Amino acid sequence: MASILQSSVITSCSLPSSRRVIKAAIHLPKLQNISLPKIQTSRKQQLDHQLLILENDTNTSSTKILHDQQQQQQCSTHSKAIVQLYAVLEAVSDRVEMHQNIGEQRNNWNNLLLNSINMITLTATTMSGVAAVTSGEGAPLLALKLSSALLFSAATGLLLIMNKIQPSQLTEEQRNATRLFKQLRTQIQTTIAIGNPTEEDVKGTMDKVLALDKAYPLPLLGAMLEKFPAKFEPAVWWPSNKGKTQSKKMGKMDNGWSEELEMEMREVVEAIKRKDAEDYNRLGNIALKINKSLAIAGPLLTGIAAIGSSFIGNGSSLAAFVSLLAGSLAAAVNTFEHGGQVGMVFEMYRTSGGFFKLLETSIESTLSEKDLEKRENGELFEMKMALQLGRSVSELRALASKSASFRMEGVDIDEFASKLF
């Protein structure tokens with residue numbers, strides 16, 4: 001009987017459409033009562049697990065989307081800054097060409113005006129000499145006198161204009177502007193090459209361009225720099241740092257900076273102030289005084305020669321002597337002033353003084369920033385200062401040590417900080 005029952009169950013599992021399925025199903029209710037709660041619990045766990053996975057995927061997707069948006073915003077900011085820097089770079093390259101071309105033009109002015117005025121002066125002097133040895137008071141003597149006086153007067157007028165604009169000084173200004181704009185162009189290219197420029201980089205670059213435009217203007221009328229200032233002042237071609245607030249000091253010395261390096265930079269500033277800047281201020285004042293004296297003497301001498309030439313032939317040899325002497329001296333003074341390019345020498349001292357002032361400003365503004373992370377790397381900054389002064393890093397440290405010892409003894413340092421100028 002048991003064997004028959006067993007065979008019937010087996011047959012019912014294999015033949016679900018027969019009646020034996022019903023007979024075999026008599027044993028299933030117990031299985032359903034036992035397994036159904038497990039199936040419901042398992043399905044609930046699966047649903048909870050799926051909901052948890054879906055929630056995690058949603059949070060992950062939201063975080064990823066937010067991160068992507070932030071990344072896109074940063075990329076958009078960087079790309080905008082790069083586009084702006086390229087626009088500034090184009091303007092800077094254009095200014096390089098402008099200053100270079102105008103510098104060549106003004107150098108030609110200096111040569112042409114110098115040669116023309118000297119030829120006019122020497123011609124007028126020769127006519128005065130011929131008029132002095134001409135006998136009688138006829139038309140030849142009158143023509144020589146008038147021609148000589150007119151030529152001397154023309155030379156006086158041209159000298160006044162030439163001494164006012166100082167073409168040699170203008171040429172030196174354009175040379176310096178060309179060099180500084182080329183330097184700025186290189187800095188912009190380096191910023192773009194390094195990558196990740198910011199709006200502050202764009203603003204700083206714009207400020208530098210405008211500061212250079214103000215320091216070395218192109219127009220002659222209205223915006224031209226004063227060629228004979230009351231006092232020698234170094235050139236300033238960098239933007240002012242006024243109005244910038246300094247951060248609070250955070251943490252220990254880091255980012256390549258140490259207390260010894262800060263003391264070294266302070267001593268370098270003291271050496272520049274007490275030796276280099278002071279010496280160039282003295283030389284600049286001397287060049288300014290010489291240039292003023294020559295600018296006054298040239299037109300004054302040609303004016304005296306013009307007056308003297310008009311009295312030649314009236315029985316007075318003194319007039320001829322004054323005319324000849326003043327004309328010759330005027331040619332010599334004019335040659336020394338513009339041929340020797342005294343105005344260019346003055347501008348060279350003014351720019352050199354500005355270079356030392358820029359070094360002082362750079363070091364002082366860097367040390368005044370208390371947040372070390374916002375400073376330029378200390379080792380890199382030290383290397384840059386050494387190169388700008390024409391020294392190695394070890395020589396710069398030796399200079400700082402020497403400056404400190406001399407200052408403690410109350411003695412002026414006997415060595416210039418710069419080996420370039």
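A nonpolar surface patch joins nonpolar side chains within 5 Å, taken from residues with over 30% relative accessible area and no salt bridge. The exercises below use this idea and others on a predicted model.

**Exercise 1. Find the residues of a nonpolar patch on the surface, then decide whether Leu-318 is buried or exposed.**

Step 1. The patch is formed by Leu-318, Phe-321, Leu-325 and Leu-329.
Step 2. Together they have about 400 Å² of accessible area.
Step 3. Place Leu-318: helix α8, residues 317–339, holds it.
Step 4. Exposed means over 50% relative accessible area. Leu-318 has 56% relative accessibility, so Leu-318 counts as exposed.

**Exercise 2. Describe the overall fold of the protein.**

Step 1. Count the elements: eleven helices and zero strands.
Step 2. Read along the sequence. The pattern is α-α-α-α-α-α-α-α-α-α-α.
Step 3. Check burial. Of the 421 residues, 36% count as buried.
Step 4. Look at contacts between residues at least 6 apart in sequence: 83% of them join residues at least 24 apart.
Step 5. Turn to the outside. The accessible surface is about 25,100 Å², and 61% of that belongs to carbon and sulfur atoms.

**Exercise 3. Explore the largest nonpolar core and say which helix gives the largest share.**

Step 1. The core has 47 residues. Those with the most contacts inside it include Phe-181, Trp-237 and Ile-363.
Step 2. Helices that each supply at least two core residues include α3 (29–133), α5 (167–194) and α7 (259–309).
Step 3. The largest share comes from α7, with nine residues.
Step 4. Zoom in on Phe-181. Set aside its neighbours within four places in sequence. Phe-181 is then in contact with Val-92, Arg-95, Val-96, His-99, Val-209, Leu-212 and Asp-213.

**Exercise 4. Test the length of α5 against its expected span.**

Step 1. α5 has 28 residues.
Step 2. Use 1.5 Å times one less than the number of residues. The expected span is therefore 40 Å.
Step 3. The end C-alpha atoms are 41 Å apart, which agrees.

**Exercise 5. Compare the residues with positive phi around α5: is Gln-166 buried or exposed, and what about Asn-196?**

Step 1. Gln-166 sits in the loop between α4 (139–165) and α5. Its phi is positive, about 50°, although Gln-166 is not a glycine.
Step 2. Just after α5, Gly-195 takes a positive phi of about 95°.
Step 3. Asn-196 lies in the loop between α5 and α6. Asn-196 is not a glycine either, yet its phi is about 55°.
Step 4. Buried means under 20% relative accessible area. Gln-166 has 0%, so Gln-166 is buried. Asn-196 has 56%, so Asn-196 is exposed.

Notes. Residues are numbered from 1 along each chain as its sequence is written. This is a predicted model: local features need pLDDT of at least 70, side-chain atom pairs count only at pLDDT 80 or more; totals for chains, interfaces and linings use all residues. Side-chain values use heavy atoms; hydrogens and water are left out. A nonpolar core is a set of buried Ala, Val, Leu, Ile, Met, Phe, Trp, Tyr and Cys residues joined through side-chain atoms within 4.5 Å. Buried means under 20% relative accessible area, exposed over 50%, partly exposed in between (1.4 Å probe, protein chains only). Helices (H or I, at least four residues) and strands (E, at least two) are DSSP runs, numbered from the N terminus. Contact means heavy atoms within 4.5 Å. Patches are made of residues with over 30% relative accessible area and no salt bridge: like charges are joined within 9 Å, nonpolar side chains (Val, Leu, Ile, Met, Phe, Trp, Tyr) within 5 Å. Accessible areas come from the Shrake-Rupley method with a 1.4 Å probe; for residues, only the protein chains shown count as cover. A salt bridge is a side-chain nitrogen of Lys or Arg within 4 Å of a carboxyl oxygen of Asp or Glu.
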